[in-house]
Structure formats: structure tokens, C-alpha cells
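Ready for a walk through a protein model? Open your viewer, keep the selection tool handy, and follow along one stop at a time.

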2 protein chains.
Amino acid sequence: MADLDNGSETLFRSIDADSGLSSEKVFAVHGLDDVAAACAAAEAAFPIYSETTRETRASFLERIGEEILAIGDALITAAMRESGLPRARLEGERGRTVGQLKLFANVVRTGGWLGLRIDPALPDRQPLPRPDLRLRMVALGPVAIFGASNFPLAFSTAGGDTASALAAGCPVVVKGHPAHPETGAMIADAIARAVKAMGLPDGVFSHLVGPGNDLGGALVQDPRIAAVGFTGSRGGGLALLALAQARPVPIPVYAEMSSINPVLLLPEALKARAAALGTAFVGSLTMGAGQFCTNPGLILAVEGEGLDAFIAAATTAVSGCDAQVMLTTAIHDAYQKGTAAIAGRPNIAMLERGKAGDGKTRGQAALFQTSGQAFLADKALAEEVFGASSLIVRCSDEAELQRVLTSLEGQLTATLHMDAGDEPMAKRLLPLLERKVGRILANGWPTGVEVTHAMVHGGPYPATSDARTTSVGSLAIDRFLRPVSYQNLPQSVLPAELRDDAARDGAPRLIDGMLSLG
Amino acid sequence: MADLDNGSETLFRSIDADSGLSSEKVFAVHGLDDVAAACAAAEAAFPIYSETTRETRASFLERIGEEILAIGDALITAAMRESGLPRARLEGERGRTVGQLKLFANVVRTGGWLGLRIDPALPDRQPLPRPDLRLRMVALGPVAIFGASNFPLAFSTAGGDTASALAAGCPVVVKGHPAHPETGAMIADAIARAVKAMGLPDGVFSHLVGPGNDLGGALVQDPRIAAVGFTGSRGGGLALLALAQARPVPIPVYAEMSSINPVLLLPEALKARAAALGTAFVGSLTMGAGQFCTNPGLILAVEGEGLDAFIAAATTAVSGCDAQVMLTTAIHDAYQKGTAAIAGRPNIAMLERGKAGDGKTRGQAALFQTSGQAFLADKALAEEVFGASSLIVRCSDEAELQRVLTSLEGQLTATLHMDAGDEPMAKRLLPLLERKVGRILANGWPTGVEVTHAMVHGGPYPATSDARTTSVGSLAIDRFLRPVSYQNLPQSVLPAELRDDAARDGAPRLIDGMLSLG
């Protein structure tokens, strides 16, 4: 970690999520000098770090995971205090964080991300010889990552964005989320220990903290930053995107922003198990106080007995839900405002609220319903309310359901609950769903995002600012790479993995357009 | 081709490049209604075209090539008249155009672009089962392509952008370049014949023409357009980028814009063959009247006898160059203005001009020199002058040469002329070159871009608006794709290539992170 000379006298406090009150934990606010120092260190580290061997980089990622585990229970208790999330969830999230680092370590080792391509010279080609051309993907440069509040471990300081950028060979400057400065500092120290243990330059990783937006804005505008990873609100993501686009040299922004994740209840599935679906839906809706990017905020179905039974079961389930501590008072306030706004729209019925809570950060689940026609007439109903709020849209028929789907903005996920008899309808819907979302699920719930190779946690705008990628899963490494072609370079000057005598180390190569394994 | 109901009464004429005068060939200007009709047709064609089989799409691309060849010599004579480029060049360019279409046909057949990934379910995993996850790349949607004036065949109506977008499964709406409406119309008709022959929807391809910028602006802003491909000026590319970013739903823009393509003459190479290099350089500089994106506009070398000999040979060669017809009077005027601006800067010496021409569109080669210090002090010297103009920068030592390189904006290419003794210096320069350019060449010239798998015709801003891609070569198909993940979908609903019983047809698959061939 770059040694930041914090000249600022300003301090800020960690907040206890449960009470919404300041704790005794005090953190120094980084200033603009610290941003510049972190970026300069990252730039200085780039030529060294981006050309480390795959084994070194993989070991580094694994070492970060070990250092995180070595923090022990203090990490879990700090995250519990700062996020209000329960122990089991945070222990699971720590496992996911370490698992992500291991996944990317394995991805780095396979070398597929290098995208090696070789077109051998054709010296006898007429009318002109063909030169020797070789291609590899190279790291973009230093990357700015913004920690997310809702995953204080798995999508924050050492989360998926950081792991994938480090895997790609990019030094990382994290803007830690001010909702969990103590958790973030523990993780940042763990990464710094891994940097030191591996003998890497300090600038491979830096951690900036502070409560306002200036720090993050300055970071995105620093000329040494080559890309941005962000998970958070639409307003926040779009602000960073605008700054990145207005730079003298614009840079890519990977912002995962907003999604209401439509869940479609198809007729045969409703006929077979409406009540069970209603109960299970509320389980997904209220998990983690509904604070997931993939929270099911919209239910679509065609009117009928099945939908009535689903609604009855969901309503009962919501009525039994305890209020849950939300991540921050700001998120809780936004949730209160958002549910009140929905409740105040015309042609909306409030079906049920969960139990009230007594703390000032406790979110009460909320379930609304409306008609397809009313939904189509009121764009405000399609806005995300971050938290355990969902809207059931009763469609008059499949055509109206299709119109509702068509009216939606881009989403992270769409879910189909379906039986064998629903397959023709599912097939009719599939092309539309593929245009709208990054992941299509059947007979499950969108919360719970697997960190694997075939995962897409992404989707058309405004679910993300760049639909061509994912922020979860091994494909996320591609966000931080770009291709470079080498024409007729002498063997001794070529990057090692493109030389004729490169070790056959498993990295696939496209030779004259034919894929060859390792 | 969508049948555009041209309501406009406006007409424009094709211009003879040689005389700069209007020909008798008259073309109807498309209007905003035509833009909307073309985009509607493209959107209607999308669900059908994007799900055609790989064999159908490959055959379609090949058929376009056949239809272009079937036009015969009329195509060459029209392009000669409209572009002023000589017959041999245009015959070669036609070969390249047809070759590109065949390359993408083969790429479509291999199926690597589908990026298939399968993570099988783990039903016994604790604490929760892992779902079945499958991923494929899908086409983005209808794409707007802007034809380039400098490659009336290979980078215009049926050029590389069109071929790669069609290969990806995207319907294409071309905004034809007004410098070659007759050539463009012939090619558009050939594509339309291929569409009809293959029984594809008309909207798979549309062609809009007109002299102003309104048409292109409306096209980029049409909500049905999902991405933009452009090759042309920096001003034009940035204007389209701004429009695309300001849309309610922003879309990717792949604009290839501006580059001065530094050529580095390393000391041992200069010692061995300075005069031969000087002569060969002018051959590359003046080919096609210098109207290449990869034209060598900047020569960098350390002061010395070698450089003096290079300059002497280059100066002699330039003095013997005939003036050449440029593509349009506007391009010729910009070239005149650009060379005059360079000549008027302080600390610039004009070394030589080519012979004067008598037509009003004839460009005269121009060779300038300056010192490294002067170059570093004057940003205007690093601006592209489109045409056969180049600037030699005499650096005092390697450190100054590195400073000059560091000062440059992003470029398409960098070239090293080097001998064995230069390899240590080449290795020192390589990391810097990789940050600055998309392609690094040794002992060749940047003009002449191979259309292969390992080519990168791209590079950091402002060479392009998106350094993560290439606009030439098979990797260009990735620009028009995005990933979609399918979780637990029944076999019958899954896209065919992701089913368990999918034909083992050569498409590689990443199964649980392990690459498997076909």
C-alpha cells in the first residue's frame, strides 16, 4: 500500500449501523494530495506489476485471501457493527471474498485472458509477403475501485472489482466506502501485508477514505487512472461516468447501478405452486433487508386464481417479517422515501408492510400491487427502491405482460417461474429477455450471485454503464485489458508469452485462426 | 435492404475527385423519415437475423463478396472516378473487401466468438447447491456504420465494420460517405441482392446517403441503434461520441479517429541503412497520397550522421514525388491548411515539398523537421495532418526521445527500425510503446494493415474512442457482442448451442473453467 502522507487534519467516525450513532472509531480523511500520491504510486508500480509472472500474480491473490482470513473474528465483528448485517451472512461473505481471490488466481494461471494470437509470416505470399503478427491482451493501467456499502467484504476493498483488476495486472486505488471504514482499513492492511510479502511495489494497492464525494471525483479525474469500477446508486454511477467522459482522455467506467429484477410467474407454475412461490419470494425479497442489486423488485403475472393465491401467501409472509437494520441511515431514509413515493402514486395498492422496528435504521418490508395498464402509464413505478420493497403487476394477458417487459429499462436479471407447460411461453419471452438483462433464471430467485465462469452480473443501461461486461465471475477480468499487436518483432524483444520458445504452460493460442490448447 | 420511401426532393451529385467538379451522377438525399424507417426495419430484422445459424450467416457474408465481384469493372471505374485512387489500389482494395467478408465467414463458423461457458450444477454443494449456469455472447442490436472516404471499398459500405457487425448477428444501417455515392450504391445493391438470395429480412441492411451531418446525427440518436462504427476525422468521431453518450440510453461508439504513427529510427539501424530507410519511408508516406490512418507522420531519432543521411535520402525522394489527386476537395483543403500551419510554427524547418500539381485537388508531399525540445514545447506539432506530410524530430539523446514519446497522445501504431545492436534500447522502449499504441512494428512501415486474427487496428484515445478493441481483423467481431448468462433454464428453452445435446461443431467451450475444443 502506498504510504500516504495525510496532510489533512479532518477526521470522520465509523457509524454503528444498528443505532445510527457515531462510534469511537475515528479515521483520518484523505485529501487531494493523497489521491495524487496514490495515483503516482500506482503508475510507478504499473510497469513492474503488469509484467509479473502469472504464478506471482496468482500467489499474490491467494496471499491476500490468507491475510484476510488471518485477521480472524475481529473482521466479522467490525463488519457486523458497521453494516448491521448478521454474523452468518458476513462469514459467508468472507468465504465468498476469499473464494473470488482464489478463482481469479486460477484464472490468471490458465492464461486464457491473455488472448494469445499468432499469425505466422507468409514470406512467399503474392503480391506481398505477410508479416508475422502476434497479439496479447495487456493491462489497461491503474484502476480506481469504489467499494460498495451492501457487500462490505465481497464487493468492497478486496471485492470482485479489486480482485479482477489485480488479476489483469492493474494496480488498484480503492476509494473505501465511508459506511465501513474500520472493515475497509482491516482489509486494506491485509492487502498491504500481501504486497509486502510478495515483494511487490507499494503502489500496487492504495486505500483512500473519506465521507464526501470530492475524493472519488478527484480519483476518477486523475490522468494516471485508466478505468473505474463502481457498484452503487444510479446517481453515483452516472456522476462518475460523466466525470470520466469529460476527462481530456476519457476512460471506461464499469458502474453497476440499478435494477428491479423482474420475476415472471408463468401460468402453469402458478397453477402448481402459487402459495409456495409467494412464501419463497418474500424470503428472497427480505434477505439482507432487501439490500441486494438483484433484489426481486417487480413481479409480473397474468391475472387469475394462481396470482391471487401467490399474493395471499406473499402478503402473509410479509406481515410476519421483522424490521431489519439497514446499512446506513442514508439508505434507510432513501428506502422510506422510496416506499412512500410508490405508495403515493395513483392506482397503487399497498398490500402489506412488515412489522415496524424501533431503531431509526430499521427497514420495514413493503409489498404493493398495480395493474399492467397503470404500470405502463407511470414510469415512476419502474424506479428501483433499494431495500425490501416490491411491486406486483397484474397483467390482463400475455400481450400486456410483454408490453410491460418491453417498457422496462435494462436490468441485471429476469426470472421465470415455469413448469413444463409454460415452455412455449418461456420461449416466446426469451428473445425479449435477452435484450433487457444480463442473466435469465428459471425457477430460482435472483438474489445469490454465483462467482463462477458462466456468471453475468451486468446488463443493459442503466443496470450498468457498460453491458459488454460483468462485474462478478471470471469474465470480469476482461474489463481491465486491451489488445496489442506485435508485427515482425525480434524474438528477444517480444513479450515472453508470444515467443516461439514460450513455455507451453496451458495458455490457449489462436494460431492462424485455429485454437490450440496450451 | 429496407425499402426506404424517400420523401425528400433534395438531390446531391457525385464529385469527380480529379477535377473536383460535380459529375452527372445524381443521388437522392435521404431524410429523417428514412433514418427512422431503416432503424425500424433493422429492429424488426434483429430477432430473426441474430438467431440465424452460423452456416447461414457465414454463407451470407460470402454471398456479399460474390455479389461485389459480380459487379465487375464498373465498380472499379466508379471508385476511381469518385476517389481519385488508381486502378491497382482499388482492385487490391476490392480483394481485401471480399477477403474480409470471407475471413468473418470463417470466424462465424468456428464459433469462438460465442464465448460459450458452462458451469454444471453442483446439487450436493454445502451449504447451498450450485445452479447450472451457461453463458453465450449475443448480438448487441442494430448497428450504425459510417463509411470512410479513404477506403471506398474496404472501410466503407461493405467494409470491415459492416462485415464484423453482420458476423456478430447485428443488422447494419450504413451512412454512406458522400464522397463516393455511386460506389456506395453499387455495393449496397450487392448486399441487398445477397440479403434476398439468402431469404433474410430486408432490414438486415440499409444504406442512407446525403451530404450533411444531420442524417448521421439522427442515426446515432435513434433509440433502436445499439452501437456505432466510424472511421474518419477526430472532429467527426468526437461529435458522434458526444451524441451517443447524451442519449437516454448511451451506446458504445467505435470511432477510429486520428494518429500520427511515430516511427523510431534506432541508432544501429541508422548506421547500417540510413539512406535506404529514407527512401522507403517516403514510399510509405506518399502511398495513396498519404491518405492512410497509419501514415507515418512522425519520425523520431537521436541526432547524428545516420539521421543526417536518412534526412538527405528522404528529402531527395520527396522532391521527386508527383502531386497526387486527393479524395475530396475538403480533404485537400484541410491538407493545405494543415501543412501551412506546421510550416508557420516557430522552430520548424521545411525540408522539402513534392512537385506541384495542376489540379485543384492535388496534394504535394511535405517534409518538416524540428528538435525534440521544440516538439515538446509545441503541442500543435503533434496534430495529425491527413495526407503525405511528416515531421522529423531530432532528439538530443535517448532520454529526450523517451520524453517525446511520453508526450504523445494515443496512436494506432509505433514502428521501430532496429538492428540486433538496438535490441536493448527496443526493450527499454517497449513498455512505453505498449501504453501508447495498438500495434508495434519492427523494420516495416505502418501503412498496409493485414486483415488477420492477430491484427490490432486500434489504440488509446484519441487514436480511437475505445482502446479495448480493433476495427480491423477478426477480433473486431467482439465489439458487437455482450454476454448473457442462463441459470437453470430447461434444455428446451436454452439457446441451441448451450444445450447438452448441442452439436460438437467446433465451437470451443469453457467447462467449469477448463477450455474444451469443439
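**Stop 1: a covered helix**

Select helix 13 of chain A and show its surroundings: its buried residues are covered by parts of chain A that include strand 10 (262-265), strand 11 (298-302), helix 12 (372-377), strand 16 (389-395) and helix 14 (423-436). Keep in mind as you look that this is a predicted model.

Which residues of helix 13 (residues 398-407) are buried? Colour A:Glu400, A:Leu401, A:Val404 and A:Leu405, and you have them. Now look down the axis of helix 13 of chain A: these buried residues fall within an arc of 145°, so they line one face of the helix.

**Stop 2: a tie across the sequence**

Next, select A:Arg234 and A:Glu409, whose side chains meet in a salt bridge with 2.8 Å from N to O. A:Arg234 belongs to helix 8 (residues 234-246) and A:Glu409 to the loop between helix 13 and strand 17 (411-417) of chain A, so this pair ties together parts that are 175 residues apart in sequence. A:Arg234 is partly exposed, at 27% relative accessible area, and A:Glu409 is partly exposed too, at 36%.

**Stop 3: a hairpin**

Move to strand 1 (residues 11-15) and strand 2 (residues 22-28) of chain A, which run antiparallel and are joined by four bridges. Find A:Arg13, and opposite it in strand 2 you will see A:Val26. The two strands form a hairpin with six residues between them, and A:Gly20 in the turn has a positive phi of about 75°.

While you are here, select A:Asp16, A:Lys25, A:Arg81, A:Glu82 and A:Glu182, which are linked in a network of salt bridges.

**Stop 4: chain B**

Hop over to helix 4 (residues 87-110) of chain B, where B:Glu91 and B:Arg87 sit four residues apart, about one turn of the helix. Their side chains meet in a salt bridge (2.9 Å, N to O).

**Stop 5: where the chains meet**

Finally, show both chains. How are they related? A rotation of 180° with 0.0 Å of shift along its axis superposes chain B on chain A, with an RMSD of 0.0 Å. That is the relation of a two-fold axis. The same surface serves both copies, as 100% of the contact residues of chain B recur in chain A.

The contact takes 70 residues from each of chain B and chain A. About 5900 Å² is buried between them, with carbon and sulfur atoms giving 57% of that area. Eight salt bridges are counted between the two chains. For a last selection, pick A:Arg125 and B:Glu450: they form a salt bridge whose closest N and O atoms are 2.6 Å apart.

Methods:
Residues numbered from 1 in each chain as written. Chains lettered and ligands numbered in written order. Predicted model: local features only at pLDDT ≥ 70, side-chain atom pairs only at ≥ 80, totals over all residues. Heavy atoms only, no water. Least-squares fit on C-alpha atoms with pLDDT ≥ 70 in both. Contact = heavy atoms within 4.5 Å. Pairing = 2+ DSSP bridges. Buried < 20%, exposed > 50% of the residue type's maximum accessible area, 1.4 Å probe, protein only. Arc of directions from axis to C-beta. Buried area = accessible area lost by both parts, 1.4 Å probe. Salt bridge = Lys/Arg side-chain N within 4 Å of Asp/Glu carboxyl O.
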